[in-house]
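This report introduces a protein structure to a reader who meets it here for the first time. Please keep the sequence and the model in view while reading.

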Amino acid sequence: LAAIDAATGTATPWNPGADAPVSSIAMRGNTLYAGGDFTQIGGATRPYIAALDASTGAATPWNPSADNSVARLVVVGDTIYAGGGFANIGGAPRSGIAGLDAMTAQATSFTPAAAAVGAWPLAANSATVYVGLGWPSLGAKPRRNLAALDAATGMPTGWAPNADGTVYSLEFHEGIVYV
């Protein structure tokens, strides 16, 4: 994990010193959230997910302590959505997808109806979390390779485009989900 000067292309002195790969980063204000395979980063023990001061690279007190890797991060307002191989994060059981409070690091009420363990792509807005799936359903709802979840509860919405192949990346922008 490094910071590169946009004008010169050279590395800055910023170095949080992750002890293993970082798979995903997301910004919120002056905080850089990082997810990956690390357990030490920013001078502190932070299993698989951390919040770093964007100026110093030091770990903040925010620590949701995942029990396995975090591969995807998306920030929407005061919620950090995480996806990965974990079964517990933010002090609660969450299988592969979780919403985390940006202030407390505790799991939010966002609780998907079915396990989604893996490094599936995520995109979100204030109302909906979009997830690429590797299976044909989410809970009892048929959702082939792509689903939308209510951002507050994690329950599947009626949105079901039934993608005919694996979804590797998602982005939400101005009312459009790019897949």
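In which sense do strand 7 and strand 10 (residues 97-101) pair, and over how many bridges? The two strands pair in the antiparallel sense, over five bridges. The model under discussion is a predicted one.

## Strand 7 and its partners

Within the pairing of strand 7 and strand 10, I80 has L100 of strand 10 as its bridge partner. Strand 7 (79-84) also pairs with strand 6, again in the antiparallel sense and over six bridges. In that pairing, V74 stands opposite Y81 of strand 7. Strand 6 and strand 7 form a hairpin with two residues between the strands, and G77 takes a positive phi near 60° there.

The table lists pairs of strands with their bridges and one residue pair from each.

| Strands | Sense | Bridges | Residue pair |
|---|---|---|---|
| Strand 6 and strand 7 | antiparallel | six bridges | V74 and Y81 |
| Strand 7 and strand 10 | antiparallel | five bridges | I80 and L100 |
| Strand 1 and strand 2 | antiparallel | six bridges | R28 and T31 |
| Strand 12 and strand 15 | antiparallel | five bridges | Y130 and A148 |

Strand 7 is mostly covered, with six of its six residues buried. In a regular strand, side chains alternate between the two faces of the sheet. Accordingly, T79, Y81 and G83 point one way from strand 7, whereas I80, A82 and G84 point the other way, and all are buried.

A82, a residue of strand 7, has a relative accessible area of 0% and is therefore buried. Beyond its neighbours up to four places away in sequence, A82 touches I49, V70, R72, L73, I89, G96, I97, A98, L100 and L122. L100 is thus one of the residues touched by A82, and L100 is also the bridge partner of I80. The C-alpha atoms of A82 and P21 are 16 Å apart, with these positions 61 residues apart along the chain as counted by their separation.

## Two open sheets

One open sheet consists of three strands in the order 1-2-5, with antiparallel pairing. Strand 1 and strand 5 stand at the edges and have a single partner strand each, so one side of each is left without a neighbour in the sheet. The twist in this sheet averages 25° from one strand to the next. Strand 1 (residues 22-28) and strand 2 (residues 31-36) are joined by six bridges in the antiparallel sense, and R28 stands opposite T31 in strand 2.

Another open sheet of three strands has the order 11-12-15, and its pairing is antiparallel. Its edges are strand 11 (122-124) and strand 15 (146-150); each has a single partner strand, so one side of each lacks a neighbour in the sheet. Neighbouring strands here are turned by 20° against each other on average, direction ignored. Strand 12 (residues 128-132) pairs with strand 15 over five bridges, and A148 in strand 15 is the bridge partner of Y130.

## Charged side chains

How many salt bridges are counted in the model? The count comes to one salt bridge. Side chains of opposite charge can pair when their charged atoms come close. Here the side chains of R28 and D78 meet at 2.4 Å, N to O. This pair links distant parts of the chain, 50 residues apart: R28 belongs to strand 1, and D78 to the loop between strand 6 (70-76) and strand 7. R28 is partly exposed, with a relative accessible area of 22%, and D78 is likewise partly exposed, at 47%.

R46 presents another case, in the loop between strand 4 (44-45) and strand 5 (49-53). R46 is buried but has no salt bridge, and the nearest side chain of opposite charge, that of D19, is 12 Å away. The side chain of R46 does reach the backbone oxygen of T60, at 2.8 Å. Apart from residues up to four places away in sequence, R46 touches F38, T39, Q40, I41, A59, T60, P61, W62 and N63.

## A buried loop residue

Is A66, in the loop between strand 5 and strand 6, buried or exposed? A66 is buried, with a relative accessible area of 5%. Leaving aside neighbours within four places in sequence, its contacts are P47, Y48, I49, F86, N88 and I89. The C-alpha atoms of A66 and S95, which are 29 residues apart along the chain, are separated by 11 Å.

Note on methods: Residues are numbered from 1 along each chain as its sequence is written. This is a predicted model: local features need pLDDT of at least 70, side-chain atom pairs count only at pLDDT 80 or more; totals for chains, interfaces and linings use all residues. Side-chain values use heavy atoms; hydrogens and water are left out. Helices (H or I, at least four residues) and strands (E, at least two) are DSSP runs, numbered from the N terminus. Buried means under 20% relative accessible area, exposed over 50%, partly exposed in between (1.4 Å probe, protein chains only). Lys and Arg count as positive and Asp and Glu as negative; His and the chain ends are not counted. A salt bridge is a side-chain nitrogen of Lys or Arg within 4 Å of a carboxyl oxygen of Asp or Glu. A polar contact is a pair of N or O atoms within 3.5 Å; within protein, one must be able to donate a hydrogen and the other to accept it, and residues adjacent in sequence count only if both atoms are side-chain atoms. Contact means heavy atoms within 4.5 Å. Two strands pair if DSSP finds at least two bridges between them. Axes are lines fitted to C-alpha atoms, for helices over the stretch in contact, and angles run from 0 to 180 degrees between N-to-C directions.
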